[in-house]
Amino acid sequence: MAEEKENMIVVKELVKKFGNFVANDHLTFEVGKGEVFGFLGANGAGKTTAIRILCGLSYPTSGLVNVAGFDIYTERENIKRNIGYMSQRFSLYDDLTVYENIRFYAGIYGLSRNEIRERADILMQKLNLDEARNKLIRDIPLGWKQKLAFSVAIIHDPRIVFLDEPTGGVDPITRRNFWNLIFEASRNGITVFVTTHYMDEAEYCDRVSIMVDGRIVAMDKPAMLKEQYGVVNMNEVFLKLARVK
Amino acid sequence: MKRFWGFVVKEFYHIFRDYRTLLILFGMPAVQLLLFGYVITNEIKNARIAVLDLSKDEVTRKITEKIVSSGYFLLEKNLTGYHEIEESFKQGNIKMVIVYGAEFSGNLQKKGVADIQILGDASDPNTANILVNYARGIVNNYLVSLNVGDIPAMVVPEVRMQYNPELKGVYMFVPGIMAMLLMLISALMTSISITREKELGTMELLLVSPLRPVQIIVGKVIPYVLLAFIDACIIILMGKYVFNVPVEGNILLLLMEAFLYIVMALSLGILISCITNSQQIAMTMSLLALMLPTILLSGFIFPVENMPVILQWLCRIMPPKYFITIVKAIMLKGNGLLYVWKETLILIGFTTIFILLSVKKFNVRLEP
């Protein structure tokens, strides 16, 4: 569904080495606008390294990387303005209230005071967080924190949002609800780049790539992958690929 | 710029919502100063003594009177024999015993020599030393005033303790505590607050945001600059109005030097937080690596000149040493920048080194 649209992420022959260790071995992929792209792989496969490079936290050793239409080497500042990022730790400030967290993160992306107020109101209504507006983050449940962390990550309308294992440690129902937020963001034109451990979540993605030992060994729509490997779910696709070394 | 101020405001929220931080920030200076000012004191007042007077004549009576009326000593009891000396010391409250030999006045007049013995309780060597010296001084003075014996042309030095005539301990502690506390607040607090963001994972988010790394660091540090500066003022004011420690020199210069020292300590705190990712380690490093040397090796309590050469060299790389020198020079001696420019330059040098190292470390940290 995304093939015809403009590409939000273009990666060609990306290599990242730490000394002799090759963390990313000639990665090549593209992610289209509004696409939900699942970036799968076992622990240590090189997912985090790649995501850090895409977010501008680390430079690649070689290769071409273009994010949101900007070059990673020369236009980092533009990239930063146009992406959102949510880590597995739902990084919000425990000792600030819900509203203060929203205001802070919106503020560092340069939103005006009026914009912040408007978007915060809409957001809290949508998430049913109205009565928790002035509660400290440490006093609200994990599921709420997760939703809030995601909403905060896209409060400045980024073109792309990077989610690094965004559903760790929460129950299946909360996870399902969380994916509804992701789909909504995608419908609004935000490209979603997500890493996950849960293979049932891989099924929700438009396309997935599977990384093993720093290389991308498979990349396609989940349905096509299942067909290709003759299995019924993504979990088995993953096990088949990860075992073959 | 607006982004940046939002960031600073957030930092203040962190500080004012954590009562422990507040306690350290504003409770510590007062408590430390009161403790050091009142509890640890080198001054001797009303030390209890005993007298064994085997002569009991006019002269010995006069000397004892002089000693007691000096205000340093309190005559606890008169002993009757040598056997009681040991006993009085053992009881613990007698710090010094004065023994006059028999026929004191007679000997003094006839032979020009008389026996007087001063015994100090040297289980506490410092106190004993001070007491014995005081007593000796009083006895000498008295003998000189009598103008007896074969020392008619004795040279009597007139001693004056410049800059601290009453030898008050607080004069020493105010600069020392200022050095210690500003170091603690600045280095410890910033290193903890930065490593906390790393532990929480919020540092990553900040680095992904359009905020520049330098803005993040400066934003985290600004509140502490302000608070540490307020602390410096509290210490100076308390010194002045509670302990009567004067500020002889230019107060503006003093505050500027304090500011420089704060920035130096903050850059050290930043460096620590660049090296480690954990609050625990940052705290241990700050306390062990900064507090102990600040107290022991800065000349705060123990004079650097008396240390072994190796330790003296170690002292030279302790920034607080220079700050204490500066503060003493300005506060007590009333010196101007002309007399402390060397130390000031050294502090600036330390600051530059710490900042350069941090920048290098921080960039490396961004990588893996």
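Author: A helix here is a DSSP run of H or I with at least four residues, a strand is a run of E with at least two, and both are numbered from the N terminus. This is a predicted model, in which local features need pLDDT of at least 70, side-chain atom pairs count only at pLDDT 80 or more, and totals for chains, interfaces and linings use all residues. Residues are numbered from 1 along each chain as its sequence is written, chains are lettered from A and ligands numbered from 1 in the order in which they are written, and side-chain values use heavy atoms, with hydrogens and water left out.

Reader: Thanks! What makes B:Arg61 and B:Glu58 about one helical turn apart?

Author: They are three residues apart in helix α3 of chain B, so about one helical turn separates them. Their side chains also meet in a salt bridge, at 3.6 Å from N to O.

Reader: Why is the contact of B:Arg61 and B:Glu58 called a salt bridge?

Author: The term asks for a side-chain nitrogen of Lys or Arg within 4 Å of a carboxyl oxygen of Asp or Glu. At 3.6 Å, the Arg and Glu side chains fall within that limit, so the name applies. Over all chains, the structure holds 22 salt bridges.

Reader: How do you know that B:Arg61 is partly exposed?

Author: Its relative accessible area is 46%. Buried means under 20%, exposed means over 50%, and partly exposed is in between, with a 1.4 Å probe and protein chains only. The value of 46% lies in between, so B:Arg61 is partly exposed.

Reader: What makes the pair A:Arg52 and B:Glu204 one that joins two chains?

Author: A:Arg52 and B:Glu204 meet in a salt bridge of 3.4 Å, N to O. A:Arg52 belongs to helix α1 of chain A and B:Glu204 to helix α8 (residues 202-208) of chain B, so the pair joins two chains. A:Arg52 is buried, with a relative accessible area of 14%, and B:Glu204 is buried too, at 19%.

Reader: Why is it said that A:Glu184 and A:Lys126 tie together parts of the chain?

Author: The side chains of A:Glu184 and A:Lys126 form a salt bridge (3.4 Å, N to O). A:Glu184 sits in helix α6 (residues 172-187) and A:Lys126 in helix α4 of chain A, so the bridge ties together parts that are 58 residues apart in sequence. A:Glu184 counts as partly exposed at 26% relative accessibility, and A:Lys126 counts as partly exposed at 43%.

Reader: Now the rings: why is the pair of A:Tyr59 and A:Tyr73 called stacked?

Author: Rings of Phe, Tyr and Trp (its six-membered ring) pair if their centres lie within 6.5 Å; planes under 30 degrees apart count as stacked, over 60 as edge-to-face and the rest as tilted. The structure holds 25 such aromatic pairs over all chains. For A:Tyr59 and A:Tyr73, the centres are 6.4 Å apart and the planes stand at 5°, so the pair is stacked. The two residues are 14 apart in sequence, with A:Tyr59 in the loop between α1 (47-54) and β4 (62-67) and A:Tyr73 in the loop between β5 (70-71) and α2 (76-82) of chain A.

Reader: And why is the pair of B:Tyr72 and B:Tyr134 called tilted?

Author: Their centres are 4.2 Å apart and their planes at 35°, so the pair is tilted. B:Tyr72 lies in the loop between α3 (58-69) and β2 (73-79), and B:Tyr134 in helix α6 (residues 125-146) of chain B, so the pair connects parts 62 residues apart in sequence. Both residues are partly exposed, B:Tyr72 at 33% and B:Tyr134 at 26%.

Reader: How do you know that A:Arg113 is exposed?

Author: A:Arg113 has 67% relative accessibility, so it counts as exposed. A:Arg113 lies in helix α4 (residues 113-126) of chain A.

Reader: Is A:Phe90 buried or exposed, and what makes it so?

Author: A:Phe90 is buried, because its relative accessible area is 6%. A:Phe90 is found in the loop between β6 (83-86) and α3 (98-108) of chain A, and its phi is near 45°, a positive value in a residue other than glycine.

Reader: What makes B:Lys56 exposed?

Author: B:Lys56 has a relative accessible area of 66%, so it is exposed. B:Lys56 has a positive phi, near 50°, and is not a glycine. Its place is in the loop between β1 (47-53) and α3 of chain B.
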